[in-house]
Amino acid sequence: MNRGLLLRFENLVQLHGACWQLRALSSRKVCGAQWKPVQLSAHPVGSLLLHPQLWPKHRLISAALSQCRHLATKEETKKKRRKIPLTRGEVEIKQKMTVEELAQAMGKDIDHVYEALLYTDINLDSVEPDSVLHEDHIKMIVQKSGMKYKSAKLKEEKGRKNTDAVKRQVVNYPAVLTPRPPVVTILGHVDHGKTTLLDSLRKTQVASMEAGGITQHIGAFTVHMPSGEKITFLDTPGHAAFSAMRARGTNVTDIVILVVAAEDGVMQQTIESIQHARNAGVPLILAINKCDKPEADPERVKKELLAHDVVCEEFGGDVQAVNISALKGENLMVLAEATVALAEMLELKADATGLVEGTIIESRKDKGKGPLTTAIIQRGTLRKGCVLVAGKTWAKVRFLFDENGKAVDAASPGIPVEIMGWKESPSAGDEILEVESEQRAQEVVAWRTYVEQQEKMMKDLEVIEAKQKEHRLEYEKQQQKLAHLTWRQRKAVLYKASKHLMFSRPKERTEMDENTLSLIVKGDVDGSVEAILNILDSYDCEDECKLDIVYFGMGDISENDISLAEAFNGVIFGFSVKANESIKKLADKKGIKIKLHNIIYKLIEDLKDELNSRLPPTVVETTVGEASVLDTFSVTVGKNRIPVAGCRVHKGLLDRKMKFKLIRNRDVIWKGCLSSLKHHKDDVQVIKTGMDCGLSLDKNLEFSIGDEIICYEEKEVQQTTSWDPGF
């Protein structure tokens, strides 16, 4: 019995060893063991078992451990791979998430979100990676992706501290208030003599320097009177395009001199100038110019102005009227004295101490000096070294210049001055405020930029919500049409209808529409660019040719402008700017058009010609002859029966080479060519007025007595744009 137990125990030990050998079999190449079959016992259990020869104990342990490590690593990798898809994970969502943010939160790519959007009412043409999604659509996309959503905890946004600069409080202490020169704006219709009047007052040749004799932007000058008084004049353009400049001039002025030509009377810009002065609450002085001409009628001008509530003193009003001749210099001193007298009545005073306040009249770029601005100082005294803020830019004043380009040390209230030292060009009409330091100026600019961004964001959200509402209404209408289908059928139809949109997203579209005119607009000063953009804003013919303003700015034409024009296949329009020879050669090499002008209405005419060239030609039909069908019959050619019309030409002629149309009861029922044209039995090319003929068409069509046969020719005619800029 003891021997039987020993045999069983031996068999168990052999079985255990065999199991270990089989486990280590896969590692034999690594371990390099030599294997051979051996007979361990007379019993069949272990007769065919393998036994390793020369198998060290440490190698067996390491092989087993390496195999365990290999299996463990494999299991961990599988677990990690299972975690990546997040098939049933929770996605933290929030309001106003973009497509890109949602894709990141879900651990998916953007295309996955686009595919999910096919099941919604959103128009994929308007969806970009940075487009904001509605909360309902966000939840639906998450659910379609097999995930759950949870709302993110709202973080309380701390209100950003307002660091804007503001005007000082108005101080009415007589001790700090000193008299200042009046700021006088000269307004009136184009070519009524405003610049010539100012030219005569300051004894210079401003008018001869202006292109076409028309003022293109505001000029600010100080005129010294013989009596010692100073008057600051602003000469604004009278052209229709410069309405914003005239409004800007009246906003900083004390007195308006309204110039009206004695022979023309009240014109369109005259009425507009009166309205600007009335809106600004500024008193008027009437200057009736060109009184030296034979056809001059000053009394008619005064009576015409009564219709616009401008009542002269002789009619019982409070408006002074002076008859002048700016060209000959007649009565100019009388006009100047009237201006000084009105200024004394207004008691114009200002505080010349403390921080500077003013208004930018005009801004421009100079190659050597950088951004320059013409400004009127309203409070304080401006000196070199002052730190100023205007709009979203700031300056440390490096130099000050008067209207003649002469450097000055300081500018007191009421004096126009040109300021050098701006980081960027501010916009005309911006308010100038002095601050304590450069750091403070940067804080103000940062705050104003932040406010502008917030306002833009709110406007963008309003537009997005309006578009989403529009698409939702369209989607509801579409759903009503498919109401008779089952849910699955309805989704399948919608998916098939919108699947192609996945392959034509806006981000992937690079081809420009051929019927688009891309513009790069450059001007000498900010006001000129503003006037041109205001005109372009009135463009309302997008169905004919799209107008795309790629870039606008101040300064001469540069290589950057050429690169932009090349990229967008655009045209460069320059107003009172230059393009040097190297720029012109570069533009010619790349086939870029540069159009330079000094007069605004010529620039607009050139722009209209460019728009016309982008329009496809239209085909115009010109009638050559007309004939009436008097009788109908048919002839047989082979096995075919061909209808023939007997006609008489009553206007023009019928030419077989040209095109014809058949009119019945005022409706055109056929257009094409004739297959035959005969006079009696002879084939002819032309039938003249009063002659009879027989004709057949290139189509088997029955004629009726009374039908009209019209012979016409087609000509391609270049279209012209229907856009009317207003002048």
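**Note on a helix pair and a cavity**

1. In this predicted model, helix 16 and helix 17 lie roughly parallel to each other, because the angle at which they pack is about 15 degrees and angles under 35 degrees count as roughly parallel. Helix 16 covers residues 559-568 and helix 17 covers residues 581-590, and their axes are 10 Å apart.

2. As to the sense of the packing, the crossing in which helix 16 passes helix 17 is right-handed. On the side of helix 16, the contact is made by Glu559, Ile562 and Glu566, while helix 17 brings Ile583, Leu586, Ala587 and Lys590 to the contact.

3. What is the character of the residues in the contact of helix 16 with helix 17? They divide into 4 nonpolar and 3 charged residues, with no polar residue in the contact.

4. Turning to empty space inside the model, the structure holds 1 cavity of 30 Å³ or more, and the volume of the largest cavity is about 40 Å³.

5. Which residues line the largest cavity? The lining is formed by Leu519, Val521, Ile532, Leu536, Phe573, Leu603 and Leu607, and the elements that give two or more residues to this lining are strand 22 (516-523), helix 15 (526-537) and helix 18 (600-614).

6. The lining of the largest cavity divides into 7 nonpolar residues, no polar and no charged ones, whereas the contact of helix 16 with helix 17 includes 3 charged residues beside its 4 nonpolar ones.

Key:
Residues numbered from 1 in each chain as written. Predicted model: local features only at pLDDT ≥ 70, side-chain atom pairs only at ≥ 80, totals over all residues. Heavy atoms only, no water. Axes fitted to C-alpha atoms, helices over the stretch in contact; angles between N-to-C directions. Helix = DSSP H or I, 4+ residues; strand = E, 2+ residues; numbered from the N terminus. Parallel < 35°, antiparallel > 145°, perpendicular 65-115°, else oblique. Left-handed = near helix turned anticlockwise from the far one by under 90°. Contact = heavy atoms within 4.5 Å. Nonpolar A, V, L, I, M, F, W, Y, C, P; charged D, E, K, R; others polar. 1 Å grid on protein atoms, 1.4 Å probe; cavity = no way out; pocket = protein on both sides within 12 Å on 5 of 7 lines; lining within 4 Å. Points joined across faces, edges and corners; volume = space filled by probe spheres on them.
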